[in-house]
Amino acid sequence: MLDLDNTLVDRDAAFRAAVQAFLTEHGLPGTDLTWVMTVDAGGYTPRHDVAAAMADRYGALVPTCAIGALLDNGAADRVMLANSSREALSRAQAEGWTCVVVTNGRIAQQEAKIRNAGLDRLVQGWVISEGVGHKKPRPEIFHAAAEAVGVSLSRAWVIGDSPHADIAGAHALGLRSVWGSAGQPWTQASYQPTHMADDVASAISYAVIAPG
């Protein structure tokens, strides 16, 4: 079970590129890039709060529809899947593993990312929190993922970048997990991932060869 944003795809890099284009198009200061990225908080700030903050900051300078288009489509239009991640997914499937994306977010936006990155041709399915009515780390979304691809959770791995959403969710269900650390130290004391990896390709490769 694989997280999408900032795990399989670099959502923040895609959104940053979209914001840069947005600022240029509307003649806004390039220095506002840092402000927008801070407000966005890696996608964890609710969309309506980001939209309200941007509308308040830019007022009549930018149509609200342009802000909406940035937040709805900006990252989704620019996400890319690294070749190493593509190869790791292909190897996992060749070894008999079933791969399913488990992501928080809205269906339209997250499915656009999955399809634009070509993940729809590399995984056996996906579940999105809006569609199942539960967000990670709630156990229901992980159960929904297993049901979506017709496999048991008993031997599952959870791979993701979020200690709270991904690793805590796996821990609560007694599942093995790999944290995509991106070089950051682990700081949680009450639970830990089974393994840590610098990137998703390494995480997938570890899960495939791990015993049991």
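**Contacts, cover and fold**

Colleague: Which residues is Q109 in contact with, leaving aside its neighbours within four places in sequence?

Modeller: L71, D72 and A76 are in contact with Q109 once those neighbours are set aside, where contact means heavy atoms within 4.5 Å. This is a predicted model, in which local features need pLDDT of at least 70 and side-chain atom pairs count only at pLDDT 80 or more, while totals for chains, interfaces and linings use all residues. Residues are numbered from 1 along each chain as its sequence is written, and side-chain values use heavy atoms, with hydrogens and water left out.

Colleague: Why is Q109 called buried?

Modeller: Its relative accessible area is 16%, and buried means under 20%, exposed over 50% and partly exposed in between, with a 1.4 Å probe and protein chains only. So 16% puts Q109 in the buried class. Q109 is found in helix α6, residues 107-116.

Colleague: And what makes A55 partly exposed?

Modeller: A55 has a relative accessible area of 29%, so it falls between the two limits. A55 has its place in helix α3, residues 47-58. From A55 to G68 it is 13 residues in sequence and 9.9 Å in space, C-alpha to C-alpha.

Colleague: C65 and C99 next, please. Is C65 buried or exposed, and how do you know the class of C99?

Modeller: C65 is exposed, because its relative accessible area of 59% is over the upper limit. C99 has 6% relative accessibility, so C99 counts as buried.

Colleague: How many disulfides does a search of the whole structure find?

Modeller: Zero. A disulfide is a pair of cysteine sulfur atoms within 2.5 Å, so the search finds no pair that meets this limit.

Colleague: Now the whole chain. How many helices and strands does the protein chain have?

Modeller: Ten helices and five strands; these are DSSP runs numbered from the N terminus, with helices H or I of at least four residues and strands E of at least two.

Colleague: What makes the protein chain as compact as a globular protein of that length?

Modeller: Its radius of gyration is 18 Å, close to the 17 Å from the globule rule for 212 residues, so the description fits. The radius is taken over C-alpha atoms, and the rule is 2.2 Å times the number of residues to the power 0.38.

Colleague: And what share of the residues is buried?

Modeller: Buried residues make up 45% of the 212. Among contacts between residues at least 6 apart in sequence, 61% join residues at least 24 apart.
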